[in-house]
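Here is a short briefing on one protein chain. Please look over the sequence and the fold before reading on.

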Amino acid sequence: MNASTTLIRQVLPGDLDRCFAIESQSYEGDEAATREKIATRIATWPEGFIVAQVEGVVAGFINSGAAFQVEMADEAFKEMIGHDPDGPQVVIMSVVVHPDFQGRGLAKQLMTEFIARMREMGKVRINLMCRERHIPLYAGLGFAYLKPSESDHGGLVWHEMALDL
Ligand SMILES: CC(C)(COP(=O)(O)OP(=O)(O)OC[C@H]1O[C@@H](n2cnc3c(N)ncnc32)[C@H](O)[C@@H]1OP(=O)(O)O)[C@@H](O)C(=O)NCCC(=O)NCCS
């Protein structure tokens, strides 16, 4: 499948069920956001929520929030508590691609588009937490490794990374 069949666009309310299905299938156990959290992210800041559509099917997405001050281990932020669309800092909450569509460069395409959109919006920094195996993916996109996270979200070990825009 080549890149010309992939469309990256802002999320729409009708994407909720498909995004929840992808999140549940791709993340391990408690790591996955609930349907309610995804609905809140769509409703609160659709500008920070993009999906990759491959031949008409949503195959993956990135969602996020913005803030003036970032506390990466803050669980409440995942429900957009503390989100302020004017905040210069961005926190990515999910980067996820459906298992059927993994390994084709979609996460990289989504991240590249996300970075461009945030830069255009005048944001100054993108922050994220990731598992150890994904550090090279984000490093390849220019993210710097910060530190092991204090978060034990989903009972797992996380690492903090950030990209200055
Ligand atoms: C992580 C995830 C989003 C990657 O999606 P993808 O579309 O398959 O990734 P891409 O094909 O764009 O791969 C981009 C790069 O990351 C690397 N990569 C992707 N998944 C990887 C993994 N599990 N382990 C090691 N490297 C990985 C690829 O090798 C590729 O590197 P390259 O450009 O040097 O070849 C996807 O596997 C997923 O949804 N996983 C479950 C959710 C998750 O853990 N998300 C990350 C949260 S921090």
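Is His98 buried or exposed? His98 is buried, because its relative accessible area is 6% and the cut-off for buried is under 20%. Keep in mind that this is a predicted model. The points below cover the overall fold, two loop residues and the salt bridges.

**Overall fold**

- The chain holds 4 helices and 7 strands.
- Read from the N terminus, the order of elements is β-α-α-β-β-β-α-β-α-β-β.
- The radius of gyration is 15 Å, close to the 15 Å from the globule rule for 165 residues, so the chain is as compact as a globular protein of that length.
- The C-alpha trace spans about 40 × 35 × 30 Å along its principal axes.
- Buried residues make up 48% of the 165 in the chain.
- Among contacts with a separation of 6 or more, 66% join residues 24 or more positions apart.

**Surface and charge**

- The exposed area of the chain is about 8,000 Å².
- Carbon and sulfur atoms supply 50% of that area.
- The chain carries 15 positive and 23 negative charges.
- The mean positions of these two sets of charges are 5 Å apart.

**His98, a buried loop residue**

- His98 sits in the loop between strand S4 (89-97) and helix H3 (106-120).
- Leaving out residues up to four places away in sequence, His98 touches Arg18, Ile22, Gln25, Ser26 and Ala59.

**Gly87, another loop residue**

- Gly87 is found in the loop between strand S3 (57-67) and S4.
- Gly87 counts as buried because its relative accessibility is 0%.
- Which residues does Gly87 touch, not counting those up to four places away in sequence? They are Ala66, Ala67, Phe68 and Lys123.
- Phe68 is 19 residues from Gly87 in sequence, yet their C-alpha atoms are 4.4 Å apart in space.

**Salt bridges**

- Side chains of opposite charge can pair when their charged atoms come close.
- How many salt bridges does a search of the whole structure find? The search finds 5; three pairs are described here, starting with Arg9 and Asp15.
- Arg9 and Asp15 form a salt bridge, with 2.8 Å between the closest N and O atoms. Both Arg9 and Asp15 are buried.
- Lys78 pairs with Glu75 in a salt bridge, at 3.6 Å from N to O. The cut-off for this kind of pair is 4 Å, so the distance of 3.6 Å falls within the limit.
- Lys78 is buried, at 11% relative accessibility. Glu75 is partly exposed, at 34%.
- Arg125 and Asp164 meet through their side chains in a salt bridge, 2.9 Å from N to O.
- Arg125 belongs to strand S5 (residues 125-130) and Asp164 to strand S7 (residues 159-164), so this pair ties together parts that are 39 residues apart in sequence.
- Why does Asp164 count as exposed? Asp164 has 51% relative accessibility, and exposed means over 50%.
- Arg125 has 22% relative accessibility and counts as partly exposed.

Definitions and conventions: Residues numbered from 1 in each chain as written. Predicted model: local features only at pLDDT ≥ 70, side-chain atom pairs only at ≥ 80, totals over all residues. Heavy atoms only, no water. Buried < 20%, exposed > 50% of the residue type's maximum accessible area, 1.4 Å probe, protein only. Helix = DSSP H or I, 4+ residues; strand = E, 2+ residues; numbered from the N terminus. Contact = heavy atoms within 4.5 Å. Rg over C-alpha atoms; globule rule 2.2 N^0.38 Å. Areas by Shrake-Rupley, 256 points an atom, 1.4 Å probe, with all protein chains shown as cover. Lys, Arg positive; Asp, Glu negative; His and termini not counted. Charge placed at Lys NZ, Arg CZ, Asp CG, Glu CD.
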